[in-house]
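Colleague: Could you take me through one part of this model in close detail, and then show me how the rest is arranged around that part? I would love one connected account.

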Amino acid sequence: MNWHTIGPTERVTHAGGMKMGTNVPGSRCSTQRMYQEEVIMNKSVFFGALTVAGLAAVAASAGTLDDVKARGKLNCGVSTGLVGFAAPDASGRWAGFDVTICRAVAAAVLGDQDAVEFVPTTGKTRFTALASGEVDLLARNTTWTLSRDVDLKFTFIGVNYYDGQGFMAPKALGISSAKELDGATVCIQTGTTTELNLADFFRANNISYEPVPIETNAEAQQQYLAGACDVFTTDASGLAATRAAFESPGDHVLLPEIISKEPLGPLVRHGDNEWGDIVRWTLNALISAEELGITSANLAELSAGTNNPEVNRILGSEGNMGEMLGLDAAWAARAIAVGGNYAEVFETNIGENTPIGLSRGLNALWTDGGLIYSPPFR
Ligand SMILES: N[C@@H](CCC(=O)N[C@@H](CS)C(=O)NCC(=O)O)C(=O)O
């Protein structure tokens, strides 16, 4: 399909009642500017001459564990709102798959899953928030890439969701492949891998598009439904979460192409390995708990001691792993108590029986044919 050959009046109307490809007057969407995430992050947009990497070096000099303990609160960077992953619930309490990581770390370190200050960040602001020390940890569907590690100097402590970038389009558009998108307007969040992958995909397929840059998922949703862009592209999990919040999710399709690898996981600043270890092994505790059959239901019972030595080492009835981390013996048991093991956290927040409806897929345990794998508690 060549979008340039379809005049605005010929385009079908979808959810918001506006014509496809119509720009919302005065919105950022009339600016067809392509942001390059690393340029934004490194060109000192936020802090004069200090780069994100420079900020990371400054902020990492202090012991984050001591800071968190002294403050009595974990500052955790999350998204501005993506239901299922991180969003305030009906009572205003932050909940979700990523939020659980923040709460699990707070439970492990401070003994209180509510001792968390949730700091909403956008695709653009998240790295500055972490580098400057505003947050101790970022748990916000962030893709592990070489430049974010090596150049921005962040340590990805693991992967909590293996994802890939997809496209969502109104059903009324009648398209069945992203390769039919020549000339389409595409809503993309700035400061993300999304915009870089999008450029690569269209270039590789020798087709063109007009980017409609947006900053938050709420804005993406609104612009897409208003017809400011023909399609919305982001991580497939984000598309599922976004679509689930629509009034008529069935009016929108996810196209079959997954155009990138998006290993999403929590990250900390380089330079504070002790803190990185705590976050890493907190995630690993949730994953190992699934593998070893530790659940919310049997946690208390198993914590008293079992005949499985690894269960005992995780739950603290044997060995001194908590001490090695600068914590106490029950650190992992408290982390698991927050939302259960990895499977429970997945199923409660984003699984097949939730409106988000994600299957485990690549995120099944390695023993079930997936990629989720924890090194041993040994
Ligand atoms: N994984 C990609 C994209 C992450 C991203 O920002 N995704 C959007 C769309 S799902 C999001 O989380 N938005 C939440 C928000 O705006 O607060 C990256 O790390 O660059």
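**A close look at helix 9**

Modeller: Gladly! Helix 9 (residues 236-244) is mostly covered, with 8 of its 9 residues buried. A residue is buried here if 20 or more other C-beta atoms lie within 10 Å of its own, exposed if 12 or fewer, and partly exposed in between, with C-beta atoms placed from the backbone. Helices (H or I, at least four residues) and strands (E, at least two) are DSSP runs, numbered from the N terminus. Please keep in mind that this is a predicted model: local features need pLDDT of at least 70, side-chain atom pairs count only at pLDDT 80 or more, and totals for chains, interfaces and linings use all residues. Residues are numbered from 1 along each chain as its sequence is written.

The buried residues of helix 9 are Ala236, Ser237, Gly238, Leu239, Ala240, Ala241, Thr242 and Arg243. Their cover includes strand 7 (161-163), strand 8 (165-170), helix 8 (217-225), strand 11 and strand 12 (252-254).

Gly238 of helix 9 also leads us to the ligand. Among the 20 residues around the ligand, Gly238 comes nearest together with Ser79, Thr80, Thr192 and Asn217; a residue counts as near if its C-beta atom, placed from the backbone, lies within 6 Å of the molecule. Helix 7 (193-204), strand 11 (231-235) and strand 13 (262-264) are the elements that give two or more residues to this shell. By class, the shell has 2 nonpolar, 16 polar and 2 charged residues, where Ala, Val, Leu, Ile, Met, Phe, Trp, Tyr, Cys and Pro count as nonpolar, Asp, Glu, Lys and Arg as charged, and the others, Gly among them, as polar.

Strands 8, 11 and 12, which help to cover helix 9, also belong to an open sheet of 5 strands in the order 10-9-11-8-12, with mixed pairing. Two strands pair if DSSP finds at least two bridges between them. Strand 10 (209-214) and strand 12 are at the edges with a single partner strand each, so one side of each has no neighbour in the sheet. From one strand to the next, the twist averages 30 degrees. Inside this sheet, strand 9 (residues 184-189) and strand 11 pair in the parallel sense over 2 bridges, and valine 186 has valine 231 of strand 11 as its bridge partner. Helix 7 lies across strands 8, 9, 10 and 11 and runs at about 150 degrees to strand 9. Such angles run from 0 to 180 degrees between N-to-C directions, and axes are lines fitted to C-alpha atoms, for helices over the stretch in contact.

Now to strand 1 (residues 74-79): 6 of its 6 residues are buried, so strand 1 is largely enclosed by the rest of the structure. Strand 1 pairs in the parallel sense with strand 4 (residues 116-121) over 6 bridges, and leucine 74 stands opposite valine 116 there. Strand 1 also pairs in the parallel sense with strand 5 (residues 137-138), over 2 bridges, where leucine 137 is the bridge partner of cysteine 76.

Finally, the whole chain: 15 helices and 14 strands make up its secondary structure. Buried residues account for 49% of the 378 residues in the protein chain. Of the contacts with a separation of 6 or more, 76% join residues 24 or more positions apart; two residues are in contact if their C-beta atoms, placed from the backbone, lie within 7 Å.
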